[in-house]
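This report describes a single protein chain, from its overall make-up to a few selected sites. The sequence and the structure come first.

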Amino acid sequence: MDLSFFMEIVKEYGYISMFIFNWLLLFGMPIPNEVAAAFSGVLTEISYFKPIYAFISAYLGLITSNTFAYFIGRFFGQKLLDRLSRTWLKKPIDNFSGFLQKHGEIAISFSFFLPGIRWAMPYVVGANKYPFVKYMLYAYTAGFVWMMVYFNLGRTFPYAYNSILNHLQGFLTLLSVAILALLLGRYIYKERKMRK
């Protein structure tokens with residue numbers, strides 16, 4: 001992935017650009033979250049940026065976008081859930097809402113480490129009116145750990161991080177698909193068992 005465009009922005013705007021890269025991912029900026037986080041770490045090794053300020057800028061971008069997504073879900077997601085609840089999706093939605101109430105902290109924390117799920121989780125959690133303070137506690141903590149991992153990956157391997165991320169993303173995508181398949185299989189199994 002050619003990041004020369006982003007290098008130009010960084011030269012122009014400095015630490016603010018690291019915040020913006022991680023914040024704009026919410027709106028579908030065409031780079032994966034992992035690349036944006038690692039790129040901030042890379043910049044501390046190949047440029048004059050201080051690691052602590054770069055990390056704080058990137059982390060604040062991540063949690064700000066995550067919080068924004070939560071509130072979009074909270075204010076606009078309920079209408080969508082209400083509409084979907086009038087279809088055959090009512091039972092899965094009710095089941096997921098129950099799961100979220102019972103195991104929300106685990107779902108929120110692990111969602112950061114699974115591509116795709118990480119992007120959707122704040123919307124879903126917000127739409128289900130999960131308490132914001134609890135959401136902050138688990139999302140911000142998991143986000144800190146996630147950012148620390150990828151930021152330091154960029155710092156440790158500034159010239160090979162892109163290749164490492166490609167392999168890691170493939171593994172994490174497969175893991176996400178496997179988890180979703182497992183949850184779907186469990187749901188279908190329970191449905192069949194209840195019908196019998």
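In which helix is Ala142 found? Ala142 belongs to helix H7. The model is a predicted one, and the sections below take up this residue, the chain as a whole, a loop and a surface patch.

## Ala142 in helix H7

Helix H7 covers residues 132-156, and Ala142 is one of the residues found in it. The relative accessibility of Ala142 is 7%. Because buried means under 20% relative accessible area, Ala142 counts as buried.

Once neighbours within four places in sequence are set aside, Ala142 is in contact with Ser109, Phe112 and Phe113. For one of these partners, Phe112, the separation from Ala142 is 30 residues along the sequence, while the C-alpha atoms of the two residues are 6.5 Å apart in space.

## The chain as a whole

The secondary structure of the protein chain consists of 8 helices and 0 strands. Read from the N terminus, the order of elements is α-α-α-α-α-α-α-α.

The chain has 196 residues, of which 41% count as buried. Its exposed area is about 11400 Å², with 71% of that supplied by carbon and sulfur atoms. Taking contacts between residues at least 6 apart in sequence, 79% join residues at least 24 apart.

## The loop between H6 and H7

Helix H6 (117-127) and helix H7 (132-156) are joined by a loop that holds Lys129. Lys129 is not a glycine, yet its phi is positive, at about 55°.

How large is the relative accessible area of Lys129? The value is 38%. Partly exposed residues lie between the buried limit of 20% and the exposed limit of 50%, so Lys129 is partly exposed.

## A nonpolar surface patch

Which residues make the nonpolar surface patch? Tyr13, Ile16, Ile20 and Leu24 form it, and its area is about 380 Å². Helix H2, residues 15-24, gives the largest share of the patch, with 3 residues.

Ile16 is a member of this patch and is found in helix H2. Is Ile16 buried or exposed? Its relative accessibility is 55%. Since exposed means over 50% relative accessible area, Ile16 counts as exposed. Ala142 in helix H7, by contrast, counts as buried.

Notes. Residues numbered from 1 in each chain as written. Predicted model: local features only at pLDDT ≥ 70, side-chain atom pairs only at ≥ 80, totals over all residues. Heavy atoms only, no water. Patch = residues over 30% accessible without salt bridge, like charges linked within 9 Å, V, L, I, M, F, W, Y side chains within 5 Å. Areas by Shrake-Rupley, 256 points an atom, 1.4 Å probe, with all protein chains shown as cover. Salt bridge = Lys/Arg side-chain N within 4 Å of Asp/Glu carboxyl O. Helix = DSSP H or I, 4+ residues; strand = E, 2+ residues; numbered from the N terminus. Buried < 20%, exposed > 50% of the residue type's maximum accessible area, 1.4 Å probe, protein only. Contact = heavy atoms within 4.5 Å.
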